[in-house]
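This report describes one protein model for a reader who has not met it before. Please look over the sequence and the structure before reading on.

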Amino acid sequence: MKLLIDAGNSRVKWALWDGSVLSPVHALPHAELDRLAGQWAALAPKAILAANVAHPQVKQAIEALAPGAVQWQRAQVAAQGVRNHYRNVNEQGADRWLAVLGARQLHGGDLVIASAGTALTIELLTAEGDYLGGDILPGYRLMLQALAQNTAQLDRRAGEVCAFPQGTEDALATGAIDALCGAIERMQRRLAAHTGRSPQLLLTGGDAALLQPHLPHDARMVDNLVLYGLANVANGS
């Protein structure tokens, strides 16, 4: 059994991997990381694989509480049939790379992988295994927070997403969703133009369900892509 840990910007998620099945996934906000000591007390994993995009303090807390040495993962130039075309692989977040590796195991064709959390990341992967990079932009709540903090009259609750917003609250909600979904659809068109094929869209992350109703009907939701990417690395290690 191996312990897999995904330390994101808002939460830490973890699960056990037996080589074929992922256990139920646990999630904790950063403020409650001390609870990991009790959750991990009885574990004796053969290995611990983790990815971290949070502050260094989160990484240090995980190392202090983990039941063994943590193998922190980084983006790579190539792995599992995927070639990374990122210009500087060392600066790329491990979560983005691992989400791509996890997605590759689910679908062999062209892929657009949208991970909707604190930030929205959009990755492009061809059927031939070329990871072409992607976008990073503020997530839904971060967009609204930026407007609330940096404008005089927009510190208010977002309303409903609608075709023709006729109130400020609805304009905030619709504007944020349009921006996020517009970026995803733009990347879909870009990849289709590059390959001449129609890519599959995979949605993951805490706000995936928020975006799905406003995207093409064939968009597929997949939970915990980063953990599945870690599982694939674990199987190959």
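The sections below go from the whole chain to one sheet and then to one helix.

## The chain as a whole

The model is predicted. Its protein chain contains 7 helices and 12 strands. The radius of gyration is 19 Å, close to the 18 Å that the globule rule gives for 237 residues, so the chain is as compact as a globular protein of that length. Along the principal axes, the C-alpha atoms fill a box of roughly 55 × 45 × 30 Å.

Of the 237 residues, 44% count as buried. The chain exposes about 11900 Å², and carbon and sulfur atoms supply 50% of that area. Among contacts with a separation of 6 or more, 51% come from residues 24 or more positions apart.

## A sheet of five strands

One open sheet has 5 strands in the order β3-β2-β1-β4-β5, and their pairing is mixed. The edges are held by β3 (26-29) and β5 (70-72); each has a single partner strand, so one side of each is left without a neighbour in the sheet. On average, neighbouring strands of this sheet are turned by 20° against each other, with direction ignored.

At the β5 edge, the partner is β4 (residues 47-52): the two strands run parallel and are joined by 3 bridges. In one of these strands, β5, Trp72 is the bridge partner of Ala50.

A helix also meets this sheet. Helix α7 (residues 225-236) lies across β1 (2-7), β2 (11-17) and β4. The helix runs at about 140° to β1.

## The two sides of helix α4

Which residues of helix α4 (residues 140-150) are buried? They include Tyr140, Met143 and Leu144. Seen down the axis of α4, the buried residues fall within an arc of 95°, so they line one face of the helix. As a general point, an α-helix has 3.6 residues a turn, so residues three or four places apart point the same way.

What do the buried residues of α4 pack against? Their neighbours are β10 (130-138), α5 (168-195) and α6 (208-211). On the other side of α4, Arg141, Gln149 and Asn150 are exposed. Helix α4 therefore has buried residues along one face, with exposed residues on the other side.

Notes. Residues are numbered from 1 along each chain as its sequence is written. This is a predicted model: local features need pLDDT of at least 70, side-chain atom pairs count only at pLDDT 80 or more; totals for chains, interfaces and linings use all residues. Side-chain values use heavy atoms; hydrogens and water are left out. Two strands pair if DSSP finds at least two bridges between them. Helices (H or I, at least four residues) and strands (E, at least two) are DSSP runs, numbered from the N terminus. Axes are lines fitted to C-alpha atoms, for helices over the stretch in contact, and angles run from 0 to 180 degrees between N-to-C directions. Contact means heavy atoms within 4.5 Å. Buried means under 20% relative accessible area, exposed over 50%, partly exposed in between (1.4 Å probe, protein chains only). The arc is that of the directions from the helix axis to the C-beta atoms. The radius of gyration is taken over C-alpha atoms; the globule rule is 2.2 Å times the number of residues to the power 0.38. Accessible areas come from the Shrake-Rupley method with a 1.4 Å probe; for residues, only the protein chains shown count as cover.
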